[in-house]
Structure formats: structure tokens, C-alpha cells
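Dear colleague,

I am passing the structure below over to you, together with a short account of what turned up when its internal spaces were examined. Please look through it when you have a moment.

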Amino acid sequence: MRFIDARCQLGRRCVIRENEPVTKAEILELMDRCRIERAVAYHAIAKEGDVKAGNMELLKDTEGDSRFLRQWVALPHTFGEFMSVEELLKGMKENSVSSIRMFPKTHGYSLKPYALGKFMDAMAEHKIPVFMTYNELASEDALYAMLTDYPKVNFIISDVSYREERKLFPILEHCPNFHIGTGNYVVHGGVKTMCEYFGAERMIFDTGLPTGSAAAAVSLICFAEISEEEKTLIASGNLERMLSEVEL
Amino acid sequence: MELKDHVFLSKELKDTFVVDVHIHVGGSTRYQKPRNDGDSVVYTMDRLGIDVTCASCSPGAYCDWMWGNEVCAEAHAGHPDRIKAYAVVNPNYEFDLDEYFVRDDRFFGLKAIPFVQGNLPIDCAGMQQYYAYADKHGLPVLFHAWQPSEVRDATAVARRYPNARFIFGHSGFTAVEEAVEACKLCDNVLLDTTISDIYDGALERIVSKVGADRVAYGTDLTAFECSHILGRVLLSRLTDTEKEKVLGLNAKEFLKL
Amino acid sequence: MRFFDASCRLGRPAAFGEGMPWQTDEILEIMARCHIDGALAYHIVAREGETQDGNELLLREIAQIPQLQPQWCALPATYDEFLHADALRDAMKENGVRTLRIAPKSFAHSARPYAMKELMGFAAECRVPVFFDYGEAPCDELYEICHDYPDVSFVITNTAYALNRWLGPVLDACGNLYLGTGNYVPHRGLETFCKYYAADRLVFNTNLPTGSATAAVSLVCFADISKEEKELIAHGNIERLLGEVRL
């Protein structure tokens, strides 16, 4: 079975724990050990330091490296800070960047249409999936509001953990553009239940490397009580399909 | 012309030596931080009459500190006489500072802010390698010394490493008692004026307690503006002689500029 | 260049830093030192104690001080706790009050129309500018309040330096939002603001006594903007807003 990781962070980060992978070589070693063929990667500096600089560092760090699929971090273009939507799309096309990650809480901006309407229209038009971790949203209501404000954008929300089921179930019901990253989605029998109620199409394999566990993430899918077809969809099929639909 | 007149005439300080001991270069993910490169810093310096600034790369403190140090070194390289570079150090990593201070001379001091690097105290084990190096080579070290506990820790470090020179960023406004105590106990400590918002009278307060010789102009530029902090000094009740010490003469001597 | 401070505070605070000027004559001294000719002032008791009592205290405090003009704190007239619109208009007219300050979070009431319709309807009708600290309606709430009451001119104060990503889209979407400059300190923030939004939407203020008048004045004086823009910010915009009030 092929695994393609939808969430991997490259680059030296601020805080490291003993034995945690830091370098790209260490991340690749883990990917090999866990049989992860490729990973969608963004840069730590884009999350923690300077978004534009970090996006450029990503290009340098992944030059000629087919194991990593490039993902840029985006900001709203207030006071001319980031790129305009047109510049962003052009840059993505020129540099083979096929997805966007956002950190609205960490980076301090609104997700509402008055602030991000034009940006999200472009994501919808070009079928660019938008990735976020759950803790970047203020609440499950904020998640629901975002999903319904931009129904034509595919959102992949990860690091959901195991206590959010009651909140997430109705959102999954109402919002077909809501996809869950499976790394750390460790509800007992959760992957099976999701397949039963919503279909395997709604889950996207991810690890959260280097701070999340690739071994755990892979095992969760391998051991899930679901069919081989469902595992394949989750492990790589859903993400590959989504990324192949991007029109730049 | 008195120093205060420069404000109302919007006039740069041509005849006063001004050093900003505490600025930043580099952007931010946490909030919009525009015009944060070396050229933009010098543009602002020229407009206000600031002769020298001492910079560290703030995003580097929060993430890849080595990348951040390169950003800072680049700003210094572009304006070697105007922008001095502190190297941010990270207690989670072992690092040979000879790489920054012996193999080349791009840096002149260290920036220490371990609380954002895993919520570590100033006096943690991982930082001792850097303080020892600063002590051995007589380097300046800029602390983020905001909380009273940070100032107490910083004082302990300053006493243990008497040959290094320490600037306690922010503390004269945020932890006054501890900052005063530090100045009493240690000759190798200077306070700075860095704080985005504080009441009028706060500068006079700390100067009255530690003396005008122990406070240096610092602003956190480009995290935010610096002209308003300049104005707080220029329009304060300090004498012009005291203002000149705060604005640049103290730093000139302390940092051996 | 002369300055008019669009927002400062009078009255004895519960706590204050050593050397902080809170007494009225100390505030007047700093104003003189900083070439601030006049100021709109509200009373700490109105903001942190009891609103109507504080508004009365303010009038007494500034009765013989022509440089200081009154700004009243206001809240919805739930259970007749505060003045209803007609009575408020009469009282403001009688006492020369031309601006209001709200604090929905601190005063524990909603800012949405179901709760504030009467008060904001009055402000819109009489063109009374309404002030509040950013913390009273932060982030998306700022958009909501500006959007809910498009005919009210809002001036936000105490904004600090890290808000541009939140502020920008609201400024784009809502033409009725003005920014008090005291402590609006992004690097070259005034210059950038004037470039994207024009000086007309900036209003000089100090946030005295907790904020610094010397800093606020220097920020404008040293800003890399034209003399005309500085004059607008320093006094022109607030004078225009006050001139439009119709009680």
C-alpha cells in the first residue's frame, strides 16, 4: 500500500525534543521506515518566523527532490504584506506548489468573507485545497462557519484528536468540503466509523512529521477494520485525486 | 536648539550621537511587521538622526535561529557602520560560537530570549555555554528581561559572568525593583528604554533610581515604530545632558562603539 | 503644529505607576509640554465605576477648564439604567457633550443591534462619533459593530502594533471606522496607513494618563507624511467630526 503524507514540516524549528527528527535526512529515514512514499511539505519558517521567507526556503530545501510535494503558507494581503492573489497563483504555478496551508490563529487574521472572500474565491476557482490544523480555529462553530462560508473550497483539517466527535459529526454531515487528516485521529475505531458514516473519501492520511508520529499514523490505517480499497483511498488516493484537480 | 525642539520641528538629531541598542530585523508570522529589512531600518535611522542600531532577527528567536542570524548578518553587511548584529542563541542546541565570532566578524554580541524557546529560564543549563563564551570574549548580551523572575535570573547571570556586558531589555519599566537591584549589584548591566507603550514619567522614574548613566535608548524597531520612544526621551523632564547620555553616550561607552 | 487630543481620561485611578500623571493639573502640564491645545476627556468613574455618576463628575471636574471638553461614557438604557435617546440628546446638548464612549465587554452588554439599536440609532441620527478601546470589540467583532451601524462614525483607541492583519480588512469593508493614533505604533504605521487609506481616517489621541502624550505627539511629528496630512491627523479630522454633530 502506498502512503502519501498530507502534512509534513521541513526546516529547523525553534523547539526540539530529544531524539525528535530535525533534519530532512532524519525525516526521510522515518518516511522510509514507515513506507511513506512522498509528503506534502511546508516550511517551519513560514509557520514560525516569516511567511514569505519560509515559502522561499521551502523551494530551496525541496529543489530536485521528488519525495516532497510543495505547500505554501498563505496570509491575507493586508497593507500589502503578502502576495496578491494573482501573484500567489503565478508563484504557485511557476514553482510547482499545489496546496496552501493557513494559520489564522497563530498569524492573527479573520477567516470571514469580508477579509478572505477574494482569496477563497480563487482557491475555489483553481481547486486548490486548503490545509489547517484544528487548533488554528477558535471553535467548532468557527470551523462550521468557515466551511459554509466557502463551500466550494476543499479543507483538510488535521490534528483533530479523539475528543471532538460530538462536535465534528454534524459538521461532517452538513459540509462535504470538510476532510479530516488522520494523523492523531485516534478515536477508538474512529477510522472505521468515519468510513461507515461518511465514506473513506473524507479522510486524508497525514502524520504531522516531524513532531507527530509517522509510525502511529501509518499503523492506524494499516490496522483499521476497513477494506483494502478504503485504506488505499485514505493512504494516498484521496490526496492524489485532490492535487491532480488543481488548475493553475 | 534644545533637544525637545527636534520633535516639534520634525527635525532629525544631527548633533547628538544616538544609538538604539535594541532593534529587530526580519518579518513575523505572529503579526504584520512591515519594512523590516536593513535598508528600511537605515531609512528610518536617517530620518530621525540615529547613528547606530544593534539588531537581532526576531523571527529567528521563534524558529530557526541560524536562519535568523543569517538574515541579521545580511542587514549588517549591507550597512556595516550603521547596523550591528546580535546573534540569537538557542539553549536547545549546542553550538560553537567561534563560527560567528572567530571565523568571521559579522556579529558583535548575543541576543538571549530562552522563554520563547521552550519556556526556558534565562539561567537554564543550555544557555551557560553562551554566557561563558560572552564572558571569555567580553561580548555584549541583550536579554529579554521583562518579568521580575527574568530580571532576577539575568542578575544572577551578570554576577557570574562579570566580563560580559549585559543589557536588560525592558526591565526599567516592567520590573523596576529588580532592575534597580541589578544596577546596584552589577557594574556590567545597562537598562534600555524598550517598551511600546508606557506612561509619561516612567523614564524619569527609572533614571531617578539608577542614574542617567545606566539607561540606554532602545526601541524594538521594526517590531513597531521608534519615533514615539525617541519622543518620550526628548520630551521628558530629563536635562539635555541626561538625554544625551540615554540617547547614545552610555551605549557608546558600554558597547565600545 | 497644534494638537487636539481626541481621547484622554481624568479621575483618580485604583492603581497607577509611580510618577504617572493622573491628576488634572498634571495632565494639563503634559498637554502644554506637548503642544496639545485641547482634549476630549472622559472620567474614570464613568468607565470603571458608575457611568452616570462618572459623567456628572466629569462635568464638575472640567467646568473651569476650557481646554478640556467632555466625552461621556454610555450604555444601553436597559431597565432605564442609562438615559434613553431623547433624554441623552437633551443632556448632551445642555452640557456641550459631543462624543460618546462605549465599552460593551467591560459594561457586560451585547454590541449587536438587538441590544444597542436605540443608542446607536441616536448616534447615527445626531452624527455623534462613538469611541471605544479596541479590546472592547476585537477581531471580527470590530467588523460586526462597524457593519451593524454603518451610519455611526467609530473611533477605536488603544490599538497597539500587532493588529494590522485584523484591522486592514475592516478598514476596507467599513468606511465608518477611524483609528486613534495613540499607541498605533507599527513601524512607519502612519505612513503606511495614509498610503492605503488616507489621513482622513486617523485621529490624534494620547490615551493619557496610561498612554504617553510625548510618544503620541512624536509619532505624528516624525511621521514621513506631508504637513497637510499631519495637520489633519493632529486636529483637522476630529474638528471636522465634532463640527458635524447635530444635537
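How do the residues of the lining of the largest cavity divide into nonpolar, polar and charged? In this model, which is predicted, that lining is made up of five nonpolar, three polar and five charged residues.

To put this cavity in context, the structure holds five cavities of 30 Å³ or more, and the largest of them encloses about 100 Å³ of space. Its lining comprises 13 residues, and those that lie nearest the centre are B:Arg47, B:Glu225, C:Arg188, C:Phe222 and C:Ala223. The elements that contribute two or more residues to this lining are helix H2 (38–48) of chain B and helix H8 (189–197) of chain C.

The second largest cavity holds about 70 Å³ of space and is lined by 13 residues, with C:Gly182, C:Asn183, C:Ser212, C:Ala215 and C:Ala216 lying nearest its centre. Two or more residues of its lining come from each of helix H11 (227–234) of chain B and helix H9 (213–221) of chain C, and H9(C), with three residues, supplies the largest share. Sorted by class, the lining of the second largest cavity has four nonpolar, seven polar and two charged residues, whereas the lining of the largest cavity has five nonpolar, three polar and five charged.

With kind regards

How values were computed:
Residues numbered from 1 in each chain as written. Chains lettered and ligands numbered in written order. Predicted model: local features only at pLDDT ≥ 70, side-chain atom pairs only at ≥ 80, totals over all residues. Heavy atoms only, no water. 1 Å grid on protein atoms, 1.4 Å probe; cavity = no way out; pocket = protein on both sides within 12 Å on 5 of 7 lines; lining within 4 Å. Points joined across faces, edges and corners; volume = space filled by probe spheres on them. Helix = DSSP H or I, 4+ residues; strand = E, 2+ residues; numbered from the N terminus. Nonpolar A, V, L, I, M, F, W, Y, C, P; charged D, E, K, R; others polar.
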